[in-house]
Amino acid sequence: MISQTTTQKQALVTDWDKVKVEHPAPGIRRQMVVGQNVMMVRFTFEPFLVTPEHTHPHEQMTIVLKGKVKFMIEGEAKIVSPGDVLHFPPHNRHGATMLDEEVVLIDIFSPIREDFLIDNAANGNGNAGK
C-alpha cells in the first residue's frame, strides 16, 4: 500500500517506478512512501533550480543520489555530490541550489511531513503514491 492519505500499516516492498510522481512546483518531481512515523521522499530537480532557505520542525536526512547541489546550511555554503549524506535537525535553516545537471535526492523525514500530504491533496493528486 502506497498512499498519501493513509499511513503504511503493513510491510511494503516496491520500486520507485511504481510510486506515483507528483509535480509540486515547476522543475520538481516528488515521490513519497509514507509510514506511521517516518516518510521517504525522492525528489528530482531540474538543473539550476533553487529551493529557498526554510526551516521545519521535522528531522531530515538527505542522501544525494545524482548531481551536485550547493546547500545553504545555517548561512554556510556546502557543495555536495552523489554519496553524500546530510542531517538537518529540527528547525535547522537550509536551502539548495541545483548545479549544472539533474539532481536526485532521497529525503527522510520524521515525523511525517503532513504539509506534503496537504499540498498533494490541494494539487488534485488525491490518493496518489507516496
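**Exercise 1.** Which residues does Ile 73 touch, not counting residues up to four places away in sequence? Place Ile 73 in its element and classify its accessibility.

*Solution.* The model is predicted, and the steps below are read from its atoms.

Step 1. Begin with the secondary structure, where Ile 73 is found in strand β6.

Step 2. List the contacts: once residues up to four places away in sequence are set aside, Ile 73 touches Lys 78, Leu 86, Phe 88, Asn 92 and Arg 93.

Step 3. Classify the accessibility: buried requires under 20% relative accessible area, and because Ile 73 has 21% relative accessibility, Ile 73 counts as partly exposed.

Step 4. Add a distance, noting that Ile 73 and Ala 96 stand 23 residues apart along the chain, while their C-alpha atoms are separated by 8.7 Å.

**Exercise 2.** Describe the overall fold of the protein chain and its exposed surface.

*Solution.* Step 1. Count the elements, which gives one helix and 10 strands; along the sequence they follow the pattern β-β-β-β-β-β-β-β-β-β-α.

Step 2. Consider the contacts between residues at least 6 apart in sequence, of which 66% join residues at least 24 apart.

Step 3. Turn to burial and surface: of the 130 residues in the protein chain, 39% are buried, and the chain exposes about 7100 Å², with carbon and sulfur atoms supplying 55% of that area.

**Exercise 3.** Characterise the largest pocket by its volume, its lining and the elements that contribute to this lining.

*Solution.* Step 1. The space in the largest pocket comes to about 440 Å³.

Step 2. Its lining consists of 26 residues, and those nearest the centre are Phe 43, Phe 45, Thr 51, His 54 and Phe 116.

Step 3. Assign the lining to elements: those giving two or more residues are β1 (22-25), β2 (28-34), β3 (39-45), β4 (50-54), β5 (59-66), β9 (94-98), β10 (103-110) and α1 (114-122), and the largest share, four residues, comes from β9.

Step 4. Sort the lining residues by chemical class, which yields 13 nonpolar, eight polar and five charged.

**Exercise 4.** Which residues of the largest nonpolar core touch the most other members, and which element gives the most to this core?

*Solution.* Step 1. The core has 22 residues, and Met 39, Phe 45, Val 69 and Phe 71 touch the most other members.

Step 2. Two or more residues come from each of β2, β3, β6 (69-73), β8 (85-88), β9, β10 and α1, and β3 gives the most, with four residues.

Step 3. Compare with the pocket: Phe 45, named in Step 1 for its core contacts, is also among the residues nearest the centre of the largest pocket.

Key:
Residues numbered from 1 in each chain as written. Predicted model: local features only at pLDDT ≥ 70, side-chain atom pairs only at ≥ 80, totals over all residues. Heavy atoms only, no water. Buried < 20%, exposed > 50% of the residue type's maximum accessible area, 1.4 Å probe, protein only. Contact = heavy atoms within 4.5 Å. Areas by Shrake-Rupley, 256 points an atom, 1.4 Å probe, with all protein chains shown as cover. 1 Å grid on protein atoms, 1.4 Å probe; cavity = no way out; pocket = protein on both sides within 12 Å on 5 of 7 lines; lining within 4 Å. Points joined across faces, edges and corners; volume = space filled by probe spheres on them. Nonpolar A, V, L, I, M, F, W, Y, C, P; charged D, E, K, R; others polar. Core = buried A, V, L, I, M, F, W, Y, C linked by side-chain atoms within 4.5 Å.
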